[in-house]
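Where inside a folded chain is empty space left over, and what surrounds it? The paragraphs below take up that topic, moving from one enclosed space to another and then to a helix beside one of them.

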Amino acid sequence: AVLLFTAGYAIQDDSVKDLFGMDQPLFTPTVRYRNNGFVAAFVGNLHLINVEEPSGYSAERAEQIASTVTAGVLGRETSTTAASDGETGAEDTDTRETAETVSEESSQRPNIIVIMDEAFSDLAYVGEFGTNEDNMPFFHSVMEEYPSGRLMVSVKGGNTANTEYEFLSGDTMAFLPSGSVVYQQYIKDEVPTLASYLKSLGYSATAIHPYLASGWDRDTVYPLMGFDEFLDIDSFENARYIRNYISDESAFDKIIQVFEEKEEGESAFIFEVTMQNHSGYSKDYPGFETLISLTDYPESSKNTQIRAVEKYLTLIKETDMAFEKLISYFETVDEPTVIVMFGDHQPSDYITNVIARLTGYDQESSLEEYQKSFEVPYVIWNNMGLEKDEEMELTSVNYLGAYLLDVLELPLTEYQEFLLQLKEELPVICAGTYIDKNGTYHSYSEEDPVYGELLNDYNILQYNHLTDWKHRVEEIFARPASGSE
């Protein structure tokens, strides 16, 4: 009995699983059970069940934290405090005035289109390297003009759904067990998200994913997160394929179709997760021609791994051209519209390692260098006059939804107000690190006398939001904060 208990405890540790060569990805649980055996797989999953309760947690404490938000306790003046002072507030910039003017003229809240593009990244983030041409010239040009920057995520090479959840919820994987997947483990009932909140403001909410609806249990969790409609691979007819996946061009065309079919005057929230750039990249596919080449390597020396990098860079070029086509369409649209695009994660190590060897990038040299492998680009294109915001040059995906609503001058929940105030102190919070306003990278393994309490407050709110759903304080997450409407 002692031996069995010890083995069961040990096998929950990732290093022990690695030692025995156990299959660990959660995307296909049946494969994990087949490869590891039922008992080992079941016991190995036990550590993912329990989400540790934060210090001092109670639903009442969550209410207390939320009640301090509108007072601007963390230093950010909210719409409520600005109104009480009879002033426009620090957020009333020329950009925001332009956005407000467009909204008033159209008498319609802006359409919000969000694209989380599979494995979309800029490998130059880990070091400069030579190619025969820029593989994402349009995206780079858009980033120079509109709100954009580097977005830090919690995953690399996979676990797309976790980045997706961080964006839609405002929660962070930093407070959840390493290796867990929110969609598959923690969402068992309705949970307030950006989708459900925008619906409460009069938006339609459509999710699009040009692959199997069952992936990451999206067909189960999307309705619980507030989406009215979910269009999966079965909704795509005569789509163009690149390798074995529906192309981003066809995926973006579906966005246009949904937009054109909405009711006149209706504000749309469209959220799409693409598939074109999914791994693997080593195999040759009929009709898929490599357009981008690494010029630092002689052609005669290019092995399968280097060729895989060139195929990956070519896929990103295909995305870039598709994005340019999408923007060209919406440049002709009169309705106020924003299009947010970002990657879910960088590709797997066998791609980034080639670039690391070229550039001398050593991710083990420091926490800051290590986290470069978790940075992806993002941009907020719009026809409303929103311009580049230098303060958003580096942020994390959990803040992006609240920031978007804020610059669009839409009412915010208390949770979103809390996130924006938190962002002033800690511009980045993700699973691997948090970065303070002075640019210092921090490890969660160390006690933090300055930001520890603030992080715990965030953890308390998130725990009430996601884990203690039976005692969730709904008004914190699902309704506009007092004075925000």
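In this predicted model, one place to begin is the cavity lined by Tyr186, Ile187, Lys188, Asp189, Val191, Leu466, Trp469 and Arg472, which is the second largest cavity and holds about 40 Å³ of space. Five of the residues in this lining are nonpolar and three are charged, while none is polar.

Rolling a probe the size of a water molecule over the atoms shows where empty space is left. Counted with a lower limit of 30 Å³, the cavities of this model number three, and the largest cavity has a volume of about 140 Å³. Its lining is made up of 17 residues, among which Leu168, Ser169, Gly170, Leu194 and Gln416 are the closest to the centre of the cavity. Two or more lining residues come from each of four helices, namely H9 (160–169), H11 (194–200), H17 (397–407) and H18 (414–425). Sorted by class, the lining of the largest cavity contains nine nonpolar and eight polar residues, with no charged residue.

Helix H9, one of the elements that contribute to this lining, deserves a further look. Is H9 mostly covered or mostly uncovered? The helix is mostly covered, since ten of its ten residues count as buried, and the buried residues include Glu164 and Glu166 as well as Tyr165, Phe167 and Leu168. Just after the end of H9, glycine 170 adopts a positive phi of about 85°, and this Gly170 is also listed with the residues closest to the centre of the largest cavity.

How values were computed:
Residues numbered from 1 in each chain as written. Predicted model: local features only at pLDDT ≥ 70, side-chain atom pairs only at ≥ 80, totals over all residues. Heavy atoms only, no water. 1 Å grid on protein atoms, 1.4 Å probe; cavity = no way out; pocket = protein on both sides within 12 Å on 5 of 7 lines; lining within 4 Å. Points joined across faces, edges and corners; volume = space filled by probe spheres on them. Nonpolar A, V, L, I, M, F, W, Y, C, P; charged D, E, K, R; others polar. Buried < 20%, exposed > 50% of the residue type's maximum accessible area, 1.4 Å probe, protein only.
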